[in-house]
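Visitor: I am new to this structure and would love a close look at a single part. Could you pick one and walk me through it?

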Amino acid sequence: MAKVIEKFFIASIFMWSIPIAILYAFNNNLFPGASDMSPYSLTLISGFLAVISVNIVIAFYIYLAMKEPSDKHEPDPKFVSEAEASVKHLVPDQTHESSSTSKKDE
């Protein structure tokens, strides 16, 4: 569980820091050729690259999550038994309710 939280924390830091760094670099002319651009173009390109960078970080986080082994994740047996019992309990009630509402519609 600690590894999952660590990956989430690192991805969250990158989702905040990379776009801010891109916007800062464009606004302070740290990229070559950025000083020759109009303010409108500068804002448009820096915003577009910031959004793309967030999507890249999210895609990388999803890739890491999909790469995790799934065999070590087992549901809590108590939770599963309670969930199954509640589903079995609700199924007859839903059938009864749907028949009573169909009689009311007629």
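**A close look at one helix**

Guide: Happily! Let us begin with F8, which is partly exposed, with a relative accessible area of 48%. Please keep in mind that this is a predicted model. F8 will lead us to the part I have picked, helix α2.

A pair of aromatic rings is described by the distance of the centres and the angle of the planes. Here the count comes to two aromatic pairs. In one of them, the ring centres of F8 and Y61 are 6.2 Å apart and the planes meet at 65°, so this pair is edge-to-face, as angles over 60 degrees are classed that way. The pair joins distant parts of the chain, since F8 belongs to helix α1 (residues 2-27) and Y61 to helix α2, 53 residues apart. Like its partner, Y61 is partly exposed; its relative accessible area is 27%.

Now look along helix α2 itself, which covers residues 39-67 and includes I58. I58 has a relative accessibility of 33%, so I58 counts as partly exposed. Between I58 and F14 there are 9.4 Å in space, C-alpha to C-alpha, although the two are 44 residues apart in sequence.

Let us finish at the surface. Y40, L44, I45, F48, L49, I52 and I56 make a nonpolar surface patch of about 710 Å². One of these residues, F48, has its place in helix α2. With a relative accessible area of 54%, F48 is exposed, because the cut-off for that word is over 50%.

Notes:
Residues numbered from 1 in each chain as written. Predicted model: local features only at pLDDT ≥ 70, side-chain atom pairs only at ≥ 80, totals over all residues. Heavy atoms only, no water. Helix = DSSP H or I, 4+ residues; strand = E, 2+ residues; numbered from the N terminus. Buried < 20%, exposed > 50% of the residue type's maximum accessible area, 1.4 Å probe, protein only. Phe/Tyr/Trp six-rings, centres within 6.5 Å; stacked < 30°, edge-to-face > 60°. Patch = residues over 30% accessible without salt bridge, like charges linked within 9 Å, V, L, I, M, F, W, Y side chains within 5 Å. Areas by Shrake-Rupley, 256 points an atom, 1.4 Å probe, with all protein chains shown as cover. Salt bridge = Lys/Arg side-chain N within 4 Å of Asp/Glu carboxyl O.
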